[in-house]
Amino acid sequence: MKGVIFNILEEMVIEHKGMAVWNDILNQEMNDEGVYTAGESYPDEKLFALVHAVSKHTNLAIEEVLATFGEFLFGKLAARYPVFIEGAADLKTFLKSIDSVIHVEVKKLYNNPNLPSFTYSEPSSDVLVMYYHSPRKLCLLAEGLIRGAASHYETPIQLSHPVCMHQGAPKCELSVRFL
Ligand code: ZN
């Protein structure tokens with residue numbers, strides 16, 4: 001996982017819980033300095049350890065940490081890389097461009113970013129189903145990112161997740177209903 005993700009997780013903990021909590025997490029749970037370079041790759045286990053530590057030190061369930069982080073992450077990534085959202089005029093266009101446009105741009109920016117893959121179906125004009133696949137199984141983070149995108153585009157949605165890799169499915173189904 002790229003350092004930029006670690007950097008934004010650190011920003012979230014410091015913004016929501018303060019510097020002391022972040023320092024406690026690093027001192028008590030992590031055996032490194034907690035200095036992550038945005039473009040560098042770090043082992044996924046390190047991110048998972050950090051998410052567990054954040055969960056423990058904030059009394060939030062892992063699922064809640066991932067969902068909150070996904071939403072926060074969208075805002076920060078959009079601010080850092082406005083070019084990624086400038087091309088899409090509305091939420092649906094944006095969501096549909098993640099795999100073919102945005103991830104292509106991310107690959108130009110970072111070496112081997114190990115991105116999840118998305119495929120899509122549109123069973124009706126107000127529903128977009130996003131099929132998420134990644135060996136990391138961070139579908140809850142993807143859910144948070146979708147919610148972050150919805151609030152960025154000020155578009156109310158109903159999000160459901162009827163099929164999940166955590167229940168043995170080969171891909172997760174994230175169904176976005178535009179209200
Ligand atoms: Zn899932």
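In the predicted model, N114 lies in the loop that runs between helix 6 (91-109) and strand 1 (117-124), where helices (H or I, at least four residues) and strands (E, at least two) are DSSP runs numbered from the N terminus. The structure is a predicted model, in which local features need pLDDT of at least 70 and side-chain atom pairs count only at pLDDT 80 or more, whereas totals for chains, interfaces and linings use all residues. Residues are numbered from 1 along each chain as its sequence is written, and side-chain values use heavy atoms, with hydrogens and water left out.

Although N114 is not a glycine, its phi is positive, at about 55 degrees. Most residues other than glycine have a negative phi. The relative accessible area of N114 is 55%, and the residue is therefore classed as exposed; with a 1.4 Å probe and protein chains only, exposed means over 50% relative accessible area, buried under 20%, and partly exposed in between. A positive phi of about 55 degrees is also found at N59, which is not a glycine. N59 is placed in the loop between helix 3 (44-58) and helix 4 (62-80), and its relative accessibility of 72% makes it exposed.

The zinc ion is bound by four protein donors, namely C139 (SG), H161 (NE2), C164 (SG) and C172 (SG), which lie 2.2 to 2.3 Å from the ion. Donors are here N, O and S atoms within 2.8 Å of the metal (3.2 Å for Na, K and Ca), and sites may look incomplete because water is not among the atoms. The angles among the 4 donor atoms are 104 to 117 degrees, and the site is tetrahedral, a term applied to four donors if all angles lie between 85 and 135 degrees. The ideal angle for four tetrahedral donors is 109.5 degrees. Along the sequence, the donor residues follow the spacing C-x21-H-x2-C-x7-C. Among them, C164 is buried, with a relative accessible area of 10%, and C172 is likewise buried, with a value of 0%.

Two serines were also examined. S175 is located in strand 4 (residues 172-178) and is buried, with a relative accessible area of 14%. When neighbours within four places in sequence are set aside, S175 is in contact with V127, L128, V129, Q158, L159 and S160, contact meaning heavy atoms within 4.5 Å. S97, by comparison, is situated in helix 6 and is buried at 12% relative accessible area; apart from residues up to four places away in sequence, S97 touches I102 and Y120.

Key:
Tetrahedral: all angles 85-135°; square planar, octahedral: opposite > 155°, others 65-115°.
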